[in-house]
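Reader: I'd like to learn how to read strand pairing and what packs around it. Can we go through a case together?

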Amino acid sequence: MEELDPDLESWLNEKRKAIAGISEFLRGDAIVEFGCGSGFVIENLKEIFPDARIIGIDLSEERLGKVNELNLDGVTTKLDDFAEPLRFTFEADSAIFSMCLHEIFSYHGFAGLKIALANANDALVDGGRLAILEFMKPLPQTVTLKFKDNNALDWFLKFARDFKPRTIEFTRKGDEIRLDIAEATEFVSKFFRGYDCYEGDDEHWLEEMAETHFAFTRDEITHLVEASGFRILDIQELTREPRKWESMLDSVDFEFKDVNKKILLVAEK
Ligand SMILES: C[S@@+](CC[C@H](N)C(=O)[O-])C[C@H]1O[C@@H](n2cnc3c(N)ncnc32)[C@H](O)[C@@H]1O
């Protein structure tokens with residue numbers, strides 16, 4: 001069997017644990033996963049709730065094809081865009097958004113998030129459960145990136161110019177850049193494979209520049225969920241091992257390695 005990158009492996013294990021954690025709050029008869037991708041969450045849920053009927057919604061036909069290839073009992077897929085009112089109706093007792101709301105925010109802002117949550121609310125029966133697993137935007141704080149390599153600094157300047165979701169405000173003094181921690185985190189997280197990982201790959205670069213991972217703070221998502229008709233049952237913050245970002249330290253010093261946090265939120269309709 002092909003060996004997994006240890007960082008990917010630790011992330012998948014973390015995600016399995018998160019899914020097991022939220023499953024305690026979920027009702028497992030009819031579950032909908034918004035933005036199911038290739039089915040990692042569905043596969044794990046199916047192990048926990050073997051008799052569940054699960055619908056996976058995504059706008060990627062290719063990824064839904066992979067879910068269908070898994071041939072899991074009771075699992076169906078729907079091609080749809082949940083940043084718009086859905087084109088079909090169904091009833092579920094649990095709804096999940098795992099690592100997809102930052103994409104909705106990137107392309108549709110808070111208005112898109114509201115529609116996504118309204119879709120979940122419409123689909124859920126009264127008392128139904130909502131679970132969200134997402135990156136978490138850190139609270140405002142000015143930090144310093146100290147560049148040890150001019151090429152890496154050039155990539156930062158390119159990032160600041162091309163990043164679409166927000167204007168990257170920063171001040172520069174020599175090889176030091178001062179900026180908000182959310183933008184600094186965004187930069188470091190996009191370059192953890194090394195500052196030159198996008199060299200010659202414009203398509204990948206533009207794709208990454210269109211998306212923010214650290215889209216909303218804990219308070220912002222909590223308020224949005226409550227305003228969408230849900231009562232919060234549980235919130236946890238998960239901290240990733242800092243190892244992933246340490247590969248960046250050859251080219252840039254930064255002191256905020258422990259902010260790579262995710263939020264796990266469970267609510268009831
Ligand atoms: C990062 S993947 C997460 C996949 C899966 N939920 C998981 O945690 O492994 C995000 C998925 O959301 C889907 N997605 C993003 N925006 C969407 C939208 N507006 N409607 C439907 N699917 C969407 C993408 O196609 C992608 O498959």
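Reader: Which residue in E11 stands opposite Ala 131?

Author: Start with a pair of facing residues, then move out to the strands that hold them. In this predicted model, Val 266 in E11 is the one opposite Ala 131.

Reader: And how many bridges join strand E5 to strand E11?

Author: Seven bridges link E5 (residues 124–135) with E11 (residues 261–268), and the two strands run antiparallel.

Reader: Which helix packs on the sheet there, touching E5, E9 and E11?

Author: Look for helix H8, residues 218–227. Its direction makes about 20° with that of E11. Then find H4, which lies across strand E1 (30–34), strand E4 (92–98) and E5. H4 runs at about 160° to E5.

Reader: Okay, zooming out: in what order do the seven strands of the open sheet come?

Author: Read across the sheet, strand by strand: E3-E2-E1-E4-E5-E11-E9, with mixed pairing. At the edges you'll find E3 (75–79) and E9 (231–239), each of which pairs on one side only. On average, neighbouring strands here are turned by 15° against each other, ignoring direction.

Reader: Now the ligand. Which residues come nearest?

Author: For a ligand, list its neighbours, then sort them by element and by class. There are 18 residues around this one, and Gly 35, Gly 37, Ala 83, Ser 98 and Cys 100 come nearest. Helix H2 (40–48), strand E2 (53–58) and helix H4 (101–123) each give two or more residues to the shell.

Reader: How many residues of that shell are nonpolar, polar and charged?

Author: The shell has 10 nonpolar residues, plus four polar and four charged ones.

How values were computed:
Residues numbered from 1 in each chain as written. Predicted model: local features only at pLDDT ≥ 70, side-chain atom pairs only at ≥ 80, totals over all residues. Near = placed C-beta within 6 Å. Helix = DSSP H or I, 4+ residues; strand = E, 2+ residues; numbered from the N terminus. Nonpolar A, V, L, I, M, F, W, Y, C, P; charged D, E, K, R; others polar. Pairing = 2+ DSSP bridges. Axes fitted to C-alpha atoms, helices over the stretch in contact; angles between N-to-C directions. Contact = placed C-beta atoms within 7 Å.
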